[in-house]
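Got your viewer open? Load the model below and we'll take a walk through it, one selection at a time.

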Amino acid sequence: GEALAGLDRRAEAAILEAVALWDGAAGGGEEENEALFEALNALGSLRLSQGRVDDATFAMKRVAALHAAISAACAPPGVSALGVPLRLSAGRQLVEASMWREAVAVLEDVVAEEDSDAEAWGL
C-alpha cells in the first residue's frame, strides 16, 4: 500500500541522485565509471519493475556503452574493473529489456573472465 509506494519513491530519489552525482563526477575515472554503471543499472532495474520500458532501455543503453568503454580500458584484457555480480545483474537487466546484443557482450565478458559461472551461461 502506501508504505510500499513511499519506499518506492525514496528508492527512486536515491537512485536518481546517485546517477546525477556520478554522471557529473569530474574526470570520469575508473571509480566514477563503475559507480555510474551501478547506479544506471539500478535505475534500469527500477524502471523495468515500474513497467517503464522506454526509460529502462535508455538507462540500459548507457550501461552497455559504459561496459564497452570500461572493458576496452582494462589491463590486462579480459579482467574487468567491474565485478562479476554487477555484470551479471546488468546482463540480466539487458535480457529483460530485450537488448540481446548488449546482453551477450556483457555476459561473454563474464564468461571470458570466469568460465565456470553457471548463471552467466544460463542467461
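Start by selecting Asp-23. Is it buried or exposed, or something in between? This is a predicted model, and in it Asp-23 has a relative accessible area of 40%. Buried would need under 20% and exposed over 50%, so Asp-23 counts as partly exposed.

Now colour helix H1, residues 2-23, and you'll find Asp-23 in it. Next, show what touches this residue. Skipping neighbours within four places in sequence, Asp-23 is in contact with Leu-36 and Arg-62.

Pick Arg-62 and turn on side chains: a polar contact of 2.7 Å joins the side chain of Arg-62 to that of Asp-23.

Then click on Leu-36. Leu-36 sits 13 residues from Asp-23 along the chain, with 6.2 Å between their C-alpha atoms.

Leu-36 is also your way into the next stop, because helix H2 covers residues 30-49. H2 has 20 residues and reaches 29 Å from its first C-alpha to its last, close to the expected 28 Å. Which residues of H2 are buried? Leu-36 is one of them, and others include Phe-37, Leu-40, Leu-43 and Arg-47. Step just past the end of H2 to Gly-51, which takes a positive phi of about 75°.

Finally, zoom out to the whole chain. You should see six helices and zero strands. Of its 123 residues, 38% count as buried. The accessible surface comes to about 6900 Å², with 57% of that belonging to carbon and sulfur atoms. As for contacts between residues at least 6 apart in sequence, 57% join residues at least 24 apart.

How values were computed
Residues numbered from 1 in each chain as written. Predicted model: local features only at pLDDT ≥ 70, side-chain atom pairs only at ≥ 80, totals over all residues. Heavy atoms only, no water. Helix = DSSP H or I, 4+ residues; strand = E, 2+ residues; numbered from the N terminus. Expected span 1.5 Å × (residues − 1). Buried < 20%, exposed > 50% of the residue type's maximum accessible area, 1.4 Å probe, protein only. Contact = heavy atoms within 4.5 Å. Polar contact = N/O pair within 3.5 Å; in protein donor to acceptor, adjacent residues only side chain to side chain. Areas by Shrake-Rupley, 256 points an atom, 1.4 Å probe, with all protein chains shown as cover.
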